[in-house]
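This briefing concerns salt bridges and the solvent exposure of the residues that form them. Please consult the sequence and structure shown below while reading.

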Amino acid sequence: MKTKSVYLLLLSVFLLTSLFFTSCNDDVVYYHPQGYRSWFTVKVENDTHYLVNKKGKTFLPVNDMSGYKVTKDHRAYIYYDIPLEAECDPYDYPIRIHYMDTILSKSLAENLGERNDEVYGTDPVRIEYISLEGGFVNIKFGTYWGRLESHFVNLVQENEENPYSLRFRHHAYNDPKAQWGTAWVAFNVEELALEETTGTVTLTVKVLSYNNEVKEYELKYTPGDTGPETAEQEKEEVSSLVFMK
């Protein structure tokens with residue numbers, strides 16, 4: 001009886017193990033019953049929405065995405081799992097989305113010269129996290145929110161002689177400083193044509209901090225680089241994102 005129980009236990013482990021991975025190509029993606037969470041870029045091709053991760057792998061959603069406000073080249077933080085034996089050709093993997101939180105995603109703002117302060121603002125922020133990944137500069141910043149005005153955030157190319165010098169600007173429109181909070185925003189930097197460069201390029205992002213100091217963050221990029229392997233993936237509640245534009 002004991003031998004039979006051990007046999008059944010080993011058989012169960014084998015069957016469960018065999019179910020916990022799937023792939024549409026030669027790579028192996030391991031499935032965990034509790035799922036995963038990570039950043040993706042949402043793209044559209046022939047009315048089909050698909051996702052791209054930081055390594056350039058493509059994922060085809062197997063469930064309906066009509067309930068989500070998704071647009072082309074939009075950043076999103078997604079809770080998901082890899083469904084078993086789902087069709088995904090010609091994409092790399094199938095993906096089942098449990099929850100998707102789209103992040104405010106913008107292109108670089110036009111340089112207005114002397115009007116930059118007036119239009120884009122000069123309100124300070126505290127940078128909590130910044131990275132160059134997936135063709136986007138991804139920023140988590142902290143500021144005070146009153147929730148009476150929508151804050152305006154932009155990444156501006158202010159130095160005409162150096163296209164890789166950028167300025168992060170924040171306009172709070174005199175929103176009351178009622179509560180401190182953090183928010184995420186992503187800026188598409190594809191127009192900088194980083195993939196066409198040779199060698200390593202350094203993007204410099206300038207930010208006005210709360211001590212009235214302009215801090216500089218250097219983001220190094222090498223063509224074909226997939227971004228940092230240990231980037232911060234934990235995202236806080238982003239309800240304040242509805243008060244940004």
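A residue is called buried under 20% relative accessible area, exposed over 50%, and partly exposed in between. The model is predicted. Six salt bridges are found in a search of the whole structure, and three of the pairs are described here by topic.

**The Arg115 pair**
- Arg115 and Glu118 form a salt bridge, with 4.0 Å between the closest N and O atoms.
- Arg115 has a relative accessible area of 44%, and because the partly exposed class lies between 20% and 50%, Arg115 belongs to that class.
- Glu118 is exposed, its relative accessible area being 57%.

**The Arg126 pair**
- A salt bridge also joins Arg126 to Glu128, where the closest N and O atoms are 2.7 Å apart.
- Arg126 counts as partly exposed at 44% relative accessibility.
- Glu128 likewise counts as partly exposed, at 34% relative accessibility.

**The Arg169 pair and its network**
- Arg169 meets Glu158 in a salt bridge through their side chains, at 2.7 Å from N to O.
- This pair links distant parts of the chain, 11 residues apart: Arg169 lies in strand S12 (residues 165–171), while Glu158 lies in the loop between strand S11 (152–156) and S12.
- Arg169 counts as buried, with 6% relative accessibility, whereas Glu158 is partly exposed, with a relative accessible area of 27%.
- Asp117, Glu158 and Arg169 are joined into one network by salt bridges that share partners.

**General background**
- Side chains of opposite charge can pair when their charged atoms come close.

Methods
Residues are numbered from 1 along each chain as its sequence is written. This is a predicted model: local features need pLDDT of at least 70, side-chain atom pairs count only at pLDDT 80 or more; totals for chains, interfaces and linings use all residues. Side-chain values use heavy atoms; hydrogens and water are left out. Buried means under 20% relative accessible area, exposed over 50%, partly exposed in between (1.4 Å probe, protein chains only). Helices (H or I, at least four residues) and strands (E, at least two) are DSSP runs, numbered from the N terminus.
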